[in-house]
Amino acid sequence: MTYPSVLLIKHLEDKYPVVPLDLQEWRKTEAIVVLACNYFEDDGLPFVSRWPNCSLQRNLHAALMYREHPMPIYLAGNILGSTDKYSQASHNKDFFVKMGVKNTDIFIIPKGVNTETEVKALASILKGRYISLVTSASHLPRAVSYFEENNIPVLPIPVEHFSRKNVEPVVGLPNAASLYRSERAIHEYLGLIYQKYIR
């Protein structure tokens with residue numbers, strides 16, 4: 001159902017405010033970090049169809065930030081699929097090069113298979129640096145905690161929102177979009193439980 005699924009994810013997404021491209025605050029950071037989501041290694045698909053929405057929104061927003069105010073972009077992510085040939089970080093680098101980002105401004109670490117291990121890989125070169133962290137809005141609470149644990153101060157840059165900022169959720173019929181929204185929320189809540197109480 002739409003209403004409960006929005007309420008479930010809205011608590012996560014509203015923790016950090018949207019950061020407009022024209023805001024000066026993010027330009028004071030030293031780098032843009034974009035967390036990996038996924039990529040489909042399928043040459044039969046057009047380039048844009050190889051990216052799930054989470055990757056497309058994170059990367060596109062970071063590319064727009066770079067266009068407004070160029071600064072280094074850092075990417076992590078290892079090979080994820082058993083048939084994949086290249087790392088997620090490499091695929092994301094290709095995206096940014098296609099979007100006009102200078103090759104010399106892109107730094108990749110092809111390590112990490114989840115948020116925790118990606119952050120550990122990035123910490124080896126980013127410790128103490130103030131970064132703009134671009135990732136899905138519901139993913140930010142968990143991601144920010146991992147970076148702060150590794151002494152990397154963060155300005156959260158939320159994208160890929162599943163709830164509206166100034167619009168109340170409506171009551172509607174059951175639908176697949178609501179099911180996916182609930183799945184994403186539950187995934188993040190379970191990740192937060194693991195982060196705080198299990199590891």
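1. Let me start with the sheet: this predicted model has an open sheet of 5 strands, paired in parallel and ordered β3-β2-β1-β4-β5. Its edges are β3 (106-109) and β5 (154-159), each of which pairs on one side only. From one strand to the next, the twist averages 25°. As a general reminder, the strands of a sheet pair through backbone hydrogen bonds, in either a parallel or an antiparallel way.

2. The pairing of β4 with β5 is worth a look in your viewer. Strand β4 covers residues 131-136 and runs parallel to β5, with 6 bridges between the two. Two of the residue pairs can be picked out by name: leucine 133 has proline 156 of β5 as its bridge partner, and serine 136 has valine 159 of β5.

3. Is β5 mostly covered or mostly open? It is mostly covered, with 6 of its 6 residues buried. In a regular strand, side chains alternate between the two faces of the sheet. Both faces of β5 are covered: Val154, Pro156 and Pro158 are buried on one side, and Leu155, Ile157 and Val159 are buried on the other. So β5 is an edge strand by its pairing, yet its residues count as buried, each being under 20% relative accessible area.

4. Now for the helices that pack on the sheet. Helix α3 (residues 88-98) lies across β1 (31-34), β2 (73-76) and β3, and runs at about 170° to β3. Helix α5 (residues 140-149) lies across β1, β4 and β5, at about 145° to β4. Strand β1 is thus crossed by α3 and also by α5.

5. Phenylalanine 96 is a good residue to centre on if you want to see how α3 sits, as it lies in that helix. Its relative accessible area is 0%, so phenylalanine 96 is buried. Leaving aside neighbours within four places in sequence, phenylalanine 96 is in contact with Val34, Asn59, Ala62, Ala63, Ile73, Leu75, Val101 and Ile106. For a distance check, the C-alpha atoms of phenylalanine 96 and proline 70 are 12 Å apart, with their positions 26 residues apart in sequence.

6. Threonine 2 deserves a point of its own. This residue belongs to helix α1 (residues 2-13). Why does threonine 2 count as buried? Its relative accessible area is 14%, and the cut-off for buried is under 20%, so threonine 2 qualifies. The side chains of threonine 2 and asparagine 175 are joined by a polar contact of 3.1 Å. Beyond four places in sequence, the contacts of threonine 2 are Val170, Leu173, Asn175, Ser178 and Arg181.

7. If you are thinking about cavities and grids, the largest pocket has a volume of about 530 Å³. Its lining is made up of 23 residues, and those nearest the centre are Thr115, His139, Arg142, His187 and Glu188. The elements giving two or more residues to this lining are α2 (53-68), α4 (115-126), α5 and α6 (176-198). Which element gives the most to the lining? It is α6, with 7 residues.

8. Two residues other than glycine have positive phi values, and I would look at them together. Asparagine 151 has phi near 60° and sits in the loop between α5 and β5. Glutamate 160 has phi of about 50° and is in the loop between β5 and α6. Their surroundings contrast: asparagine 151 counts as exposed because its relative accessibility is 51%, whereas glutamate 160 counts as buried because its value is 3%.

9. Last, a loop residue on the outside. Valine 113 is found in the loop between β3 and α4. Is valine 113 buried or exposed? It counts as exposed, because its relative accessibility is 53% and the cut-off for exposed is over 50%. Leaving aside neighbours within four places in sequence, valine 113 is in contact with Asn78 and Leu80. Valine 113 and arginine 199 are 86 residues apart along the chain, and 16 Å separates their C-alpha atoms.

How values were computed: Residues are numbered from 1 along each chain as its sequence is written. This is a predicted model: local features need pLDDT of at least 70, side-chain atom pairs count only at pLDDT 80 or more; totals for chains, interfaces and linings use all residues. Side-chain values use heavy atoms; hydrogens and water are left out. Two strands pair if DSSP finds at least two bridges between them. Helices (H or I, at least four residues) and strands (E, at least two) are DSSP runs, numbered from the N terminus. Axes are lines fitted to C-alpha atoms, for helices over the stretch in contact, and angles run from 0 to 180 degrees between N-to-C directions. Contact means heavy atoms within 4.5 Å. Buried means under 20% relative accessible area, exposed over 50%, partly exposed in between (1.4 Å probe, protein chains only). A polar contact is a pair of N or O atoms within 3.5 Å; within protein, one must be able to donate a hydrogen and the other to accept it, and residues adjacent in sequence count only if both atoms are side-chain atoms. On a 1 Å grid over the protein atoms alone, a cavity is a set of points where a 1.4 Å probe fits but cannot get out, and a pocket is an open set with protein on both sides within 12 Å along at least five of seven lines; lining residues have an atom within 4 Å of a point. Grid points are joined across faces, edges and corners, and a volume is the space filled by probe spheres set on the points.
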